Amino acid sequence: MINTTTLQNIYRQNAHLTFKGNNGNGRHDWLRLTPAYSVHLVKQELDKHDSSRVILDPFSGTGTTGICAAQSGHDAILADLNPFLIWLAETKSYNYSAQEISQARTKLKRILKTANRLSTEKLWTPPIHNIERWWHKPQLTALARLIASIKSLSAGKENDLLLVGFCNTLIKVSNASFNHQSVSFREIPEELSLQNEERNVFSIFLDNTEKVIKSAETNLSGKVIVVESDARKIKIPQKADVVITSPPYVNRMSYIRELRPYMYWLGFLQEAKEAGELDWKAIGGTWGTATSKLNTWSDERKIPIDGFEQLIGKIFCANGKNGQLLSIYVKKYFYDMWDHFIALNKVLNPGAQLTYIIGNSSFYDYVVPAEKWYGELMSAVGFKKIDIETIRKRNSNKALFEFAIRATK
Ligand SMILES: C[S@@+](CC[C@H](N)C(=O)[O-])C[C@H]1O[C@@H](n2cnc3c(N)ncnc32)[C@H](O)[C@@H]1O
């Protein structure tokens, strides 16, 4: 039996329950990423458990769950398969000593001095396609100076704080804006003063990085372990008692799209094809070669979801080749999530409690009821007391909502 409830006010978008709720929220605000969920949402869930519980997030992204958990005294395990996000979550959940904080400030001053002295001739910039659309020349030069100067620092954990400040800066001064599934670029003004613009980038970097260092002064009371692991065969160092997570949505939003600039500048990506390869491993990924690989994907198992094949069939017939591709996309997504629930069951203690935050989606006006299908998959895997709560309206499309699906092992 799957129980369903609806929060009051779901017809509002409740933006505080999205990544926007993390603005101005210390470590949670270090780098703003659209797929992140809200610290308020996680706190509501955490408040239901006492602090001796080990919290797991198998799709941990920017680490919201783990940092929230550790701030309220829980130990947490975070898993994701994107190496940049692993680095970011580790950096955000590390407890910096007073010496590391003071080193970070000393190095911050040094960076600007070195950056100003570097000759522009041999500056490295990342191999991003059409990079001049992302940054005007002065901004690009300033960023190249900054990264060269950060790389020249002596080793130390505090360098990661400077890199977070750098990531924050590179996106603030870029011309890109991220729309639903695409990236668009602002027009380039006729003439820019090299010196003024560079100075502007440096001053944004100083402000951002100081904010990051300031909030790193407050330590987390719980311990956070971050592991690189595929959620479909998740492996973690100890069993968990509580899962709070927000997996990819069935909406063709590839995380790599928004993460690419950071990943190139920090050296996690060297060539374009690597982005497609990484996205193919991600559930719901459609970037680059991930899309063409979908065409040859198949799985002969019968998925335990009522009406699954019928809805997939309708999407398949809806819009020629696009409909066919999207039907495979939706199908693979739920097979991947099925594998995830099977694997998850093995790494949880008896009585473990799960909360999954997920949105439904719509393809050619056919609503894919992700929340209901999650409930059916969880039930087929053996989870009990399944409850689906509608928590907010997603956007102007009247059919799209966000849900919390809860279950017990
Ligand atoms: C909606 S985001 C999670 C965001 C997170 N709640 C936060 O606040 O930042 C989903 C995450 O799932 C990760 N992911 C996708 N496929 C995965 C897989 N097969 N195994 C592990 N993580 C995966 C993505 O890299 C992404 O970080």
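## Around Asp 230 and beyond

Leaving out residues up to four places away in sequence, Asp 230 touches Leu 81 and Lys 281. Keep in mind that this is a predicted model. Asp 230 sits in the loop between strand S6 (224–228) and strand S7 (240–245). Is Asp 230 buried or exposed? With a relative accessibility of 16%, Asp 230 falls under the 20% cut-off, so it counts as buried. Along the chain, Asp 230 and Pro 58 are 172 residues apart, yet their C-alpha atoms are separated by 8.3 Å.

Asp 230 also takes us to the ligand: an N or O atom in its side chain is 3.0 Å from a nitrogen atom of the ligand. Two other residues make polar contacts with ligand oxygen, Tyr 37 through a backbone N or O atom and Thr 64 through its side chain. Here are the three pairs next to each other.

| Protein side | Ligand side | Distance |
|---|---|---|
| Tyr 37, backbone N or O atom | oxygen atom | 3.0 Å |
| Thr 64, polar side-chain atom | oxygen atom | 2.5 Å |
| Asp 230, side-chain N or O atom | nitrogen atom | 3.0 Å |

How much of the ligand does the protein bury? Taken alone, the ligand exposes 600 Å², and the protein buries 98% of that. The ligand is surrounded by 23 residues, and the closest of these are Thr 62, Thr 64, Asp 80, Ala 231 and Ile 283.

Asp 80 turns up again in the contacts of Ser 60, which touches Leu 78, Ala 79 and Asp 80 once residues up to four places away in sequence are set aside. You'll find Ser 60 in the loop between strand S2 (54–57) and helix H2 (64–71). Ser 60 is buried, at a relative accessible area of 5%.

Now for the cores. In soluble globular proteins, nonpolar side chains tend to be buried together. The largest nonpolar core here has 70 residues, and the members touching the most other members are Leu 56, Phe 334, Phe 341, Leu 344 and Tyr 356. Helix H13 (residues 320–345) gives this core its largest share, 13 residues. A second, separate core has 50 residues, including Leu 85, Ile 147, Leu 163 and Tyr 264.

Back in the largest core, which residues does Phe 334 contact, leaving aside its neighbours within four places in sequence? Phe 334 is in contact with Val 250, Ile 303, Ile 305, Phe 308, Val 368, Ala 370, Trp 373, Tyr 374 and Leu 377.

Two helices are worth a look for how covered they are. Helix H6 (residues 137–151) has 15 residues, which at 1.5 Å a residue should span 21 Å, and its end C-alpha atoms are indeed 21 Å apart. Of those 15 residues, 12 are buried, so H6 is largely enclosed by the rest of the structure. Among the buried ones are Pro 138, Thr 141, Ala 142, Arg 145 and Ile 147. An α-helix has 3.6 residues a turn, so residues three or four places apart point the same way.

H6 also has a partner in helix H8 (residues 194–216), where Glu 198 lies. Glu 198 touches Pro 138, Thr 141, Ala 142 and Arg 145, not counting residues up to four places away in sequence. At 7% relative accessibility, Glu 198 counts as buried.

Helix H7 (residues 159–172) reaches 20 Å from its first C-alpha to its last, close to the 20 Å expected for its 14 residues at 1.5 Å a residue. H7 is mostly covered, with 12 of those 14 residues buried. They include Asn 159, Asp 160, Leu 163, Phe 166 and Cys 167.

Next, a couple of backbone oddities. Most residues other than glycine have a negative phi. Arg 252 has a positive phi, near 60°, and lies in the loop between S7 and helix H9 (255–265). Its relative accessibility is 34%, so Arg 252 counts as partly exposed. Asp 365 isn't a glycine either, but its phi is positive at about 70°. Asp 365 belongs to the loop between strand S9 (361–363) and strand S10 (366–368). At 73% relative accessibility, Asp 365 counts as exposed.

Last stop: Gly 313, in helix H12 (residues 308–318). Gly 313 counts as partly exposed, at 27% relative accessibility. Between Gly 313 and Ala 155 there are 55 Å in space, C-alpha to C-alpha, and the two are 158 residues apart in sequence.

Notes: Residues numbered from 1 in each chain as written. Predicted model: local features only at pLDDT ≥ 70, side-chain atom pairs only at ≥ 80, totals over all residues. Heavy atoms only, no water. Helix = DSSP H or I, 4+ residues; strand = E, 2+ residues; numbered from the N terminus. Expected span 1.5 Å × (residues − 1). Buried < 20%, exposed > 50% of the residue type's maximum accessible area, 1.4 Å probe, protein only. Contact = heavy atoms within 4.5 Å. Core = buried A, V, L, I, M, F, W, Y, C linked by side-chain atoms within 4.5 Å. Near = heavy atom within 4 Å. Polar contact = N/O pair within 3.5 Å; in protein donor to acceptor, adjacent residues only side chain to side chain. Areas by Shrake-Rupley, 256 points an atom, 1.4 Å probe, with all protein chains shown as cover.
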